[in-house]
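Visitor: Please show me the model. I would like to ask about its inside.

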Amino acid sequence: MDISVVVPLYNEEESLPELFAWVDRVMNEHHFTYEMIFVNDGSTDRSWQVIQELSHKSEHVKGIKFRRNYGKSPALYCGFKEAQGDVVITMDADLQDSPDEIPGLYKMITEDGYDLVSGWKQKRYDPISKTIPTKLFNWTARKVSGIHNLHDFNCGLKAYRHDVVKNIEVYGEMHRFIPYLAKNAGFDKIGEKVVHHQARKYGKSKFMKLNRFVNGYLDLMTLWFLSTFGRKPMHVFGFLGTVVFFIGFVAAIILGATKLYDLAHGVPHRLVTDSPYFYIALTMMMMGTQLFLTGFLGDLISRTSANRNDYQIEEEIRCGK
């Protein structure tokens, strides 16, 4: 199979028939074999009924229905798990991503040798309250990830080599950093394609809350830490613990030596425990020990949870069923 199109969605019943018809037309024009995987992320409208109707009309349609809303990353994770195409295309269901970009993205993967190609919406039809934070966020992501050629990390329109989606784990809200996840997995041939961005035709955006950007920065810091120290937490906690303990230990030695010197020379000196520096030194030694033990335990405990990606799927639609 040439292409798998993965579409995560939440309450997009109006746009689904038009989106599928558009994708189907593009695929037929270019003679691609394909499947289209709709992942219904706990929609409360008729989205699932629409997907069922489409599956009855076309054998290319697959569907995954979550019992509740989990988020875009879990939807992509399950879509990637189901995908069988040589190239996997992701796009949003709101018709702001153009299926006409699919042939160009496919060519960049199959002929130009990229592992991942991310879309770049140079001209956006989003409000300024969304575009300015997005630019700041992407600038930070480029600096932290080291992927300097991407202008839009969070663009929903992306293309992947089959091996990429089968070797990365998208969890939590890490869909914003899939290029970073791919790079950490060893897929460093990452490219970018300028794509057309369309104004939303139906409904309103589900991702306009301010905490989206705050959470994005927190997730970026988490990913940076895990990619840098995730396999060897002792390298950071053990180092910090050793430094803090050493400073506290040296401070305690100085306090003790000062006391002994004063006693030897008959100089009046208050008790060591009367000095605030004694408690500061003691606290630093305790903190250093705790940090060191944290690093040690972190090396013993796997950072991956056995049920991290255990999502309750209520129903599925597979090709030909």
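Guide: Buried means under 20% relative accessible area, exposed over 50%, and partly exposed in between (1.4 Å probe, protein chains only). Helices (H or I, at least four residues) and strands (E, at least two) are DSSP runs, numbered from the N terminus. This is a predicted model: local features need pLDDT of at least 70, side-chain atom pairs count only at pLDDT 80 or more, and totals for chains, interfaces and linings use all residues. Residues are numbered from 1 along each chain as its sequence is written, and side-chain values use heavy atoms, with hydrogens and water left out.

Visitor: How many residues of helix H3 are buried?

Guide: Helix H3 spans residues 72–82 and is mostly covered. Its buried residues include Pro74, Leu76, Cys78 and Phe80. Of its eleven residues, the buried ones number nine.

Visitor: Is cysteine 78 buried or exposed?

Guide: Its relative accessibility is 9%. The cut-off for buried is under 20%, so cysteine 78 counts as buried.

Visitor: Which element gives the most to the largest nonpolar core?

Guide: A nonpolar core is a set of buried Ala, Val, Leu, Ile, Met, Phe, Trp, Tyr and Cys residues joined through side-chain atoms within 4.5 Å. The largest one has 36 residues. Elements giving two or more residues include strand S1 (3–9), helix H1 (16–29) and strand S2 (34–40). With seven residues, the top giver is H1.

Visitor: How many residues does the other core have?

Guide: This core lies apart from the largest one. Among its members are Cys78, Ala141, Tyr180 and Ala182. Its residue count is 33.
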